[in-house]
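User: I have a model open and would like to learn how to read its sheets, cavities and pockets. Please give the general idea each time, then the case.

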Amino acid sequence: MARNILILGASYGSLLGTKLLMAGHNVTLVCRSKTAELINRDGTEVRIKLRDEPAHRSIFSRDLPGKLDAAPPHQVDLSRYDMVGLAMQEPQYTNHTIRALMVRIAGAKLPCLSIMNMPPLPYLKRIPALAGMDLEEAYTNAQVWERFEPGLVSLCSPDPQAFRPPEEAANVLHVGLPTNFKAAAFADDAHNKLLRELEADIDAVTLDGHDVPVKLKVFDSLFVPLAKWSMLLTGNYRCITPEEPQSIRDAVHGDLKQSQAIYDHVDGIARRLGADPADQVPFEKYAKAAESLLKPSSAARAVAAGAPFIERVDLLVKLISQQLDMPNPAIDRTVDVVDMKLSEKIVSGGSGAQ
């Protein structure tokens with residue numbers, strides 16, 4: 001049975017959307033009116049490399065069995081949808097039209113699966129050790145999440161690396177590292193039945209007889225998506241330097257010993273919260289993947305482009321580490337550098353580009 005999925009965010013969201021379309025489900029991408037007009041006219045194009053093929057393939061939404069449309073936030077009819085995907089950068093949820101839609105989504109009690117780097121606050125409240133912590137400072141506007149029931153919000157570890165090529169139109173996405181979305185389960189069995197249905201349907205998709213990477217994998221543990229924190233603190237946020245941004249590869253491999261120390265410390269924080277080592281990704285595996293990540297992270301590119309706000313997983317992890325009495329000087333330095341660069345943008349009148 002075809003499901004109807006609403007995804008907030010037409011850039012990174014188009015990757016999950018394309019996988020759902022390939023599996024025969026219907027997707028609506030929420031975006032700006034101009035981008036919605038483009039997608040409704042031309043569809044989307046996601047470029048992905050299949051295993052054992054040398055070049056990327058272009059997957060066009062118009063060729064897929066599922067139906068795609070796009071809409072600005074105020075035109076969304078929530079009665080159509082079975083699930084919501086959250087794929088915008090966290091600061092974008094403070095836009096007044098997005099906030100109004102979020103209020104409606106919370107009121108409709110739709111299950112929400114986030115593929116953000118920044119975990120939604122309601123999700124963190126599902127983790128007993130975090131439920132009472134003061135973490136709002138890490139969010140651009142924590143009030144966005146106040147109306148959401150924690151059990152209705154889940155999180156994927158957004159491990160696939162993808163970006164919009166700057167020379168292309170806004171409906172094109174290039175996948176640089178086609179790894180899996182690893183999702184924690186919802187609190188409700190009915191919502192998990194839907195999630196596992198989507199998992200199985202995506203897993204069954206082939207293209208010209210070939211398996212298609214970027215699966216949706218569902219886990220009972222709430223801590224599997226937190227494995228991304230070690231990667232973000234070791235690589236993504238260390239792409240932001242006092243000078244020009246550096247690639248993820250250089251951030252990780254410039255000082256491999258320091259990188260492993262940060263990675264292991266953040267893994268240790270997750271284990272203090274309740275994670276099992278089996279929930280986590282070995283540093284060696286991450287370091288190997290980082291060798292192919294030749295661009296700065298999306299956070300570093302946003303800061304370089306003048307954004308005064310970005311997702312602050314670095315600050316979130318620092319706040320958690322302090323409240324667990326597990327501070328780390330290297331994490332503190334990263335947060336200080338990001339704070340400095342963002343304050344420079346605010347003083348100089350940053351554009352807010354994401």
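Analyst: The turns below go through the sheets, then the enclosed spaces, then a pocket and a record entry.

User: What should be known about the model before reading it?

Analyst: It is a predicted model, so to speak: local features need pLDDT of at least 70, side-chain atom pairs count only at pLDDT 80 or more, and totals for chains, interfaces and linings use all residues. Residues are numbered from 1 along each chain as its sequence is written, and side-chain values use heavy atoms, with hydrogens and water left out.

User: In what order do the 8 strands of the open sheet lie?

Analyst: Strands (E, at least two residues) and helices (H or I, at least four) are DSSP runs numbered from the N terminus. Two strands pair if DSSP finds at least two bridges between them. Here the order is 5-2-1-6-7-8-11-14, with mixed pairing. Strand 5 (68-71) and strand 14 (216-219) stand at the edges with a single partner strand each, so one side of each has no neighbour in the sheet. Direction ignored, neighbouring strands are turned by 25° against each other on average; axes are lines fitted to C-alpha atoms, for helices over the stretch in contact, and angles run from 0 to 180 degrees between N-to-C directions.

User: How many bridges join strand 1 to strand 6?

Analyst: There are 4, between residues 4-8 and residues 83-86, and the two strands run parallel. I5, for one, has M83 in strand 6 as its bridge partner. Helix 6 (residues 189-203) packs on this sheet, touching strand 1, strand 6, strand 7 (112-114), strand 11 (181-184) and strand 14; contact means heavy atoms within 4.5 Å. The direction of helix 6 makes about 145° with that of strand 14.

User: Which strands are at the edges of the sheet with order 4-3-10-9?

Analyst: Strand 4 (57-60) and strand 9 (161-163) pair on one side only. This open sheet has 4 strands and mixed pairing, and its twist averages 25° from one strand to the next. Strand 3 (residues 45-48) pairs with strand 10 in the parallel sense over 3 bridges, and R47 stands opposite H174 in strand 10.

User: How is empty space found, and what lines the largest cavity?

Analyst: Rolling a probe the size of a water molecule over the atoms shows where empty space is left. On a 1 Å grid over the protein atoms alone, a cavity is a set of points where a 1.4 Å probe fits but cannot get out; a pocket is an open set with protein on both sides within 12 Å along at least five of seven lines; lining residues have an atom within 4 Å of a point. Grid points are joined across faces, edges and corners, and a volume is the space filled by probe spheres set on the points. The count is 4 cavities of 30 Å³ or more. The largest, of about 50 Å³, is lined by Q89, N117, L232, N236, Y237, S298, A299, I310 and E311. Helix 7 (227-236) and helix 11 (298-304) are the elements that give two or more residues to that lining.

User: What is the volume of the second largest pocket?

Analyst: About 780 Å³. Of its 30 lining residues, L177, P178, T179, N180 and A289 are the closest to its centre. Strand 10 (172-177), helix 7 and helix 10 (283-290) each supply at least two lining residues.

User: Which feature does UniProt place at residues 5-50?

Analyst: The unreviewed UniProt entry gives "domain: Ketopantoate reductase N-terminal" there; such annotations may be inferred rather than shown by experiment. Over residues 5-50 the chain is 43% helix and 28% strand.
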